[in-house]
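Colleague: I am new to reading protein models. Could you walk me through one, feature by feature?

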Amino acid sequence: TDPDGHFLYVNEKACEISGLTPLEATGVGWNHSLHPDDYERVSEEWKASVAQNRAFRSEYRFLRPDDTEIWALGQATSHEGAGGQIEGFVGTITDISEQKRTEATLAEYARTRSGLHEIMVDPNMALDDKIQHILELGTEVFQLPLGIVCRIDEGSYTIDHVCGPADAPSPGTTFLVDETFCLQVLSANGPMAFHEASSDRRVRQHPCYKKFGLAAYIGSPLIIDGDHYGTLNFSSPTARDHPFGDGEYSLIQLFTQWIGTEISRQHTSEALRVSEERLKLALEGTEDGLWDLNLISGDIYTSPRAEKMFGYEPNGMKKTILAWQENIHPDDKDEAIEARVDHLRGKTSVYETEYRIKSKDGNVAWILDRGKVVEKSKSGKSMRAVGTFTDITARKRAEDALRDSEMRIRTLV
């Protein structure tokens, strides 16, 4: 530049970055290509550097004639003539668009993780609603309008959840899996993506592209209980302006891991609920009470029938192992506890003992207590035990009466 900061020369690369011709960039013409949101700030910074004879350094955007935004780092320093006077400035501009996209992706990654965490920990949100929120979050993050969770079974692709425009396929819609990109995603055993189908011959030849015209796509395998269930995928009929980055690949993996874990947990909970319902029905027929002991926390669930045996109304009994022990007759407590400890240490295949309890109303009853450890940690530590209480008071009284009768008979003989 000259001493006043007017451009005298720009090379070919500078013109490529700014989108200006050499003639357009000379004088003060270079700032005509600045993004409107950056124009005033950068112009003032440049004027201040020229006036104060100090180095110039600034990050800003050029807005090219085709409306493409290019981030640039501009740097310049003054140079002096033989007499020490300022003859002008020499500088460079560097295209930092990729760096800015990376920074934006990292910021978006952090924001998305925070948003995902808020969805995950919401105790009042049903699983279907959580998945819907994740799909909405994904369409924003990946800049693709259609998000789908699909199930693949015997050559069929069935939509379980969807987020998209009004004309998007609804849940329950089924396609041939060969007409989708899911087989490629499952074969890759990880994320697969393309941002511009027209530039990839293999994508253009795929039946999914020919039938649905998807120009941009990212998908990842959805694994539930160790098996391939389907995919989580996002797509658009229009291309993205830049490829998917590492942060986006990590995000879709994070989404699928969480969805897979939660669906698996729901399946387990549902199976447990059905199992417990069956057990409840069976116990109602036998008049037994159910207990379920968390061996880590010491909390115990007791069914209404079990609580009734101890003289309590439903939910009236403290839900701790210590509360159970407090109800055992003092003369039987040590033996009952020892039987339970022996089973937890693996000395017995099942836990079974008889003891007396003193119920809340002061009555003494005999209980047959049976159970078994049903869950252990990977290290082999007992974590959960389930069992039943059976009221055997009538049987014990009959046994006592029989013994008394036998003693009277022996006395008479």
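Modeller: Happily; we will look at a sheet, a helix that crosses it, the cores and another helix. Keep in mind that this is a predicted model.

Colleague: Let's start with the sheet. In what order do its six strands lie, and how do they pair?

Modeller: The order is 6-5-4-9-8-7, the sheet is open, and the pairing is antiparallel. Strand 6 (174–176) and strand 7 (192–194) are at the edges with a single partner strand each, so one side of each has no neighbour in the sheet. On average, neighbouring strands are turned by 25° against each other, direction ignored.

Colleague: How many bridges join strand 4 to strand 5?

Modeller: Seven bridges link strand 4 (residues 146–153) with strand 5 (residues 156–163), and the two run antiparallel. You can follow the pairing residue by residue: Val149 stands opposite His161, and Gly147 has Cys163 as its bridge partner. The two strands form a hairpin with two residues between them, where Glu154 takes a positive phi near 50°.

Colleague: And what happens between strand 5 and strand 6?

Modeller: Those two are also joined in the antiparallel sense, over three bridges. Look for Thr158, which stands opposite Thr174 in strand 6.

Colleague: Is strand 5 largely enclosed or left open by the rest of the structure?

Modeller: Count its buried residues, meaning those under 20% relative accessible area. In strand 5 seven of the eight residues are buried, so the strand is largely enclosed by the rest of the structure.

Colleague: Which strands does helix 5 lie across?

Modeller: Helix 5 (residues 127–141) lies across strand 4, strand 5 and strand 9 (227–236), and runs at about 85° to strand 5. Its length can be checked too: at 1.5 Å a residue, its 15 residues should span 21 Å, and the end C-alpha atoms are 21 Å apart, which agrees. The buried residues of helix 5 include Leu127, Ile131, Leu135 and Gly138. After the helix comes Gln143, with a positive phi near 60°.

Colleague: Which residues have the most contacts inside the largest nonpolar core?

Modeller: They are Phe142, Leu232, Phe234 and Ile259, in a core of 25 residues. Helix 5, strand 8 (216–224), strand 9 and helix 9 (246–286) each give two or more residues to this core. To see one member's surroundings, pick Phe234: beyond its neighbours within four places in sequence, its contacts include Leu135, Phe142, Leu146, Tyr217 and Ile252. There is also a second, separate core of 21 residues, with Ile328, Ala336, Val373 and Phe389 among them.

Colleague: How do I read the sides of a helix?

Modeller: Here is the general idea. An α-helix has 3.6 residues a turn, so residues three or four places apart point the same way. Now try helix 12, whose buried residues are Asp332, Ala336, Ala339, Arg340 and His343. Viewed down the helix axis they fall within an arc of 95°, so they line one face of helix 12. Pro330 and Asp334, on the other side, are exposed.

Colleague: What do the buried residues of helix 12 pack against?

Modeller: They pack against helix 11 (321–326), strand 12 (351–358) and strand 13 (364–376). The length check works for helix 12 (residues 330–344) as well: its 15 residues should span 21 Å at 1.5 Å a residue, and the end C-alpha atoms are 22 Å apart, which agrees. Finally, the residue Gly346 follows helix 12 and has a positive phi, near 85°.

Conventions. Residues numbered from 1 in each chain as written. Predicted model: local features only at pLDDT ≥ 70, side-chain atom pairs only at ≥ 80, totals over all residues. Heavy atoms only, no water. Helix = DSSP H or I, 4+ residues; strand = E, 2+ residues; numbered from the N terminus. Expected span 1.5 Å × (residues − 1). Buried < 20%, exposed > 50% of the residue type's maximum accessible area, 1.4 Å probe, protein only. Arc of directions from axis to C-beta. Contact = heavy atoms within 4.5 Å. Pairing = 2+ DSSP bridges. Axes fitted to C-alpha atoms, helices over the stretch in contact; angles between N-to-C directions. Core = buried A, V, L, I, M, F, W, Y, C linked by side-chain atoms within 4.5 Å.
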